Amino acid sequence: SVLDLGCSAGAALRHLSTAFDRLGGANMTGVELLPAWVEVARRAVPHARFVRADITEVQLGEPPLVYDLVLLIDSIEHVMPERLECLFSTIARHTAEGSALYLHMPAPETQIVEGVVGGQLFENVVPYHVLVQGLAQHRFQLEHFELDKHTDCHRPGALAIRSALHPQ
């Protein structure tokens, strides 16, 4: 089962559904605040469930549904700093031991320097230590980390380490 927090138009779930369909399918849920994105996502991935809600407050099911994989792709930088703890609680509510969190965010340095990339505004800069510490307080363990770096006299290079978090 997959939960995509801040799913926008559902692109990640659409791509994953192709792979999961070959394996017999998966329960997929996307959460997005903007109604227009929710409608686009529903058309793009009709067999997934899409919910219009704030990712810092959403609770899916009572008791909360638990997912094997939670995606947080280019969303956390849009969460107000005072709401980060609420987001971490949302993630913790919908995961259990063995769940994985795939997280991607623009590097803080990029957010500070560029401010707008491809027409995208970064509302907040989320330093890595805030992210790691906040998730660690909810018993997530960092397994991998990837950071794009300028490694050779300001020529683009990459430090190739992957990122995944899961609760202990």
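Ser-8 sits in the loop that runs between strand 1 (2–5) and helix 1 (11–22), where helices (H or I, at least four residues) and strands (E, at least two) are DSSP runs numbered from the N terminus. The model is a predicted one, in which local features need pLDDT of at least 70, side-chain atom pairs count only at pLDDT 80 or more, and totals for chains, interfaces and linings use all residues. Residues are numbered from 1 along each chain as its sequence is written, and side-chain values use heavy atoms, with hydrogens and water left out.

Most residues other than glycine have a negative phi, and most peptide bonds are trans. Ser-8, however, has a positive phi near 45 degrees, and at 30% relative accessibility it counts as partly exposed, a class between buried (under 20% relative accessible area) and exposed (over 50%), computed with a 1.4 Å probe on protein chains only. Asp-74, in the loop between strand 4 and helix 3 (84–93), also is not a glycine and has a positive phi of about 50 degrees; because its relative accessibility is 35%, Asp-74 counts as partly exposed. In the loop between strand 3 (49–52) and strand 4 (69–73) lies Pro-63, which a cis peptide bond with omega of about 0 degrees joins to Glu-62.

The largest nonpolar core, a set of buried Ala, Val, Leu, Ile, Met, Phe, Trp, Tyr and Cys residues joined through side-chain atoms within 4.5 Å, has 24 residues, of which Leu-5, Leu-72 and Ile-76 touch the most other members. Helix 3 gives the most to this core, with 4 residues. A second, separate core of 10 residues includes Cys-7, Met-28, Ala-41 and Ala-48.
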